[in-house]
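Please open the model in your viewer and keep the selection panel at hand. The tour goes from the whole chain to single pairs of side chains.

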Amino acid sequence: CSKNNLTKEEKEWTNAYSKGQILEFISNKENIDSFLVIEIRDFYTNENCNCIEVSDEKNQTSSITLKPLNCRDTFYCEVSISITKENNKKEAFPTMNVFNLFSNRLTVDSKTTSKTITLNTDKKEYDALYCENLNIRKFGNNAIKSFYWNKEQGLIKYETSENEIFELVKN
């Protein structure tokens, strides 16, 4: 049984938070939104290598789950990021879920790119993964139009379908 381990750089996607941490965001309409870090996991799939019909490999996975204190949609009421190493010779890419907006390297319904942005809340520049909704099927109530995720700070900005823009103010 072989073991696929995440690199230090790949794990950076899920190192931004501590369990129990509260994140605060403020919007361009001066509304406040808060998230609680409810789960941080680091594990291997098929840990005992006893499920050969699935795989003869152990894939390392690292993930974080945030729960908003104000839910926009009961079915899509969390923010999460995970990354799984499936092959030691290939780079692993994160999968993100911000309420109803999903992003991964295979997603057809969203566009994911890297951008450098400046937050109004602290006037600092951040390199971030940007995902915008091009989803025609509309998951849930389609509350989120776009989001930005930075390796060091995690979720730093998101825009709602009502054009309200929230930016990180406390981390």
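What follows is a series of selections, each with a description of what is there.

**The whole chain**

Begin with the complete chain in cartoon view, bearing in mind that this is a predicted model. The chain has one helix and twelve strands, and if you trace it from its start you will meet them in the order β-α-β-β-β-β-β-β-β-β-β-β-β. Switch to a surface view, where the accessible area comes to about 9,700 Å², with 46% of that area belonging to carbon and sulfur atoms. Of the 171 residues, 43% are buried. If you display contacts between residues at least 6 apart in sequence, 52% of them join residues at least 24 apart.

**Aromatic side chains**

Next, show the side chains of Phe, Tyr and Trp, among which the structure holds six aromatic pairs. Select Y17 and W149, whose rings meet edge-to-face, with 6.2 Å from centre to centre and 85 degrees between the planes. Y17 belongs to the loop between α1 (8-11) and β2 (22-27), whereas W149 belongs to strand β10 (residues 144-150), and the pair thereby links parts of the chain that are 132 residues apart. Both Y17 and W149 are buried.

Now move to Y158 and F166, where the ring centres are 5.0 Å apart and the planes stand at 10 degrees, so this pair counts as stacked. Y158 and F166 are both buried as well. Add F25 and F35 to the selection, and you will have one aromatic cluster made up of F25, F35, Y158 and F166.

**Lysines over rings**

Two further selections each place a lysine over an aromatic ring. Select K3 with Y44, and look for the charged end of K3 over the ring of Y44, at 4.7 Å from the ring centre. Then select K115 with Y130, where K115 lies over the face of the ring at 4.0 Å from its centre.

**Salt bridges**

Finally, turn to the charged side chains, which form five salt bridges in the structure. Select K151 and E12, whose side chains meet in a salt bridge with an N to O distance of 3.7 Å. This bridge links distant parts of the chain, since K151 is in the loop between β10 and β11 (154-160) and E12 is in the loop between α1 and β2, 139 residues apart. Are these two partners buried, or are they partly exposed? K151 has a relative accessible area of 25% and is therefore partly exposed, and E12, with 28%, is partly exposed too.

Select K145 and E159 next, where the closest N and O atoms of the salt bridge are 3.3 Å apart. K145 lies in strand β10 and E159 in strand β11, so the pair ties together parts that are 14 residues apart in sequence. K145 counts as partly exposed, with a relative accessibility of 33%.

End the tour at K157 and E167, a salt bridge whose closest N and O atoms are 3.8 Å apart. Here K157 is in strand β11 and E167 is in strand β12 (residues 165-170), ten residues apart. Why do both count as buried? Buried means a relative accessible area under 20%, and K157 counts as buried because its value is 16%, while E167 is buried with a value of 4%.

Note on methods: Residues are numbered from 1 along each chain as its sequence is written. This is a predicted model: local features need pLDDT of at least 70, side-chain atom pairs count only at pLDDT 80 or more; totals for chains, interfaces and linings use all residues. Side-chain values use heavy atoms; hydrogens and water are left out. Helices (H or I, at least four residues) and strands (E, at least two) are DSSP runs, numbered from the N terminus. Buried means under 20% relative accessible area, exposed over 50%, partly exposed in between (1.4 Å probe, protein chains only). Contact means heavy atoms within 4.5 Å. Accessible areas come from the Shrake-Rupley method with a 1.4 Å probe; for residues, only the protein chains shown count as cover. Rings of Phe, Tyr and Trp (its six-membered ring) pair if their centres lie within 6.5 Å; planes under 30 degrees apart count as stacked, over 60 as edge-to-face and the rest as tilted. A charge sits over a ring if NZ of Lys or CZ of Arg is within 6 Å of the ring centre and within 35 degrees of the ring normal. A salt bridge is a side-chain nitrogen of Lys or Arg within 4 Å of a carboxyl oxygen of Asp or Glu.
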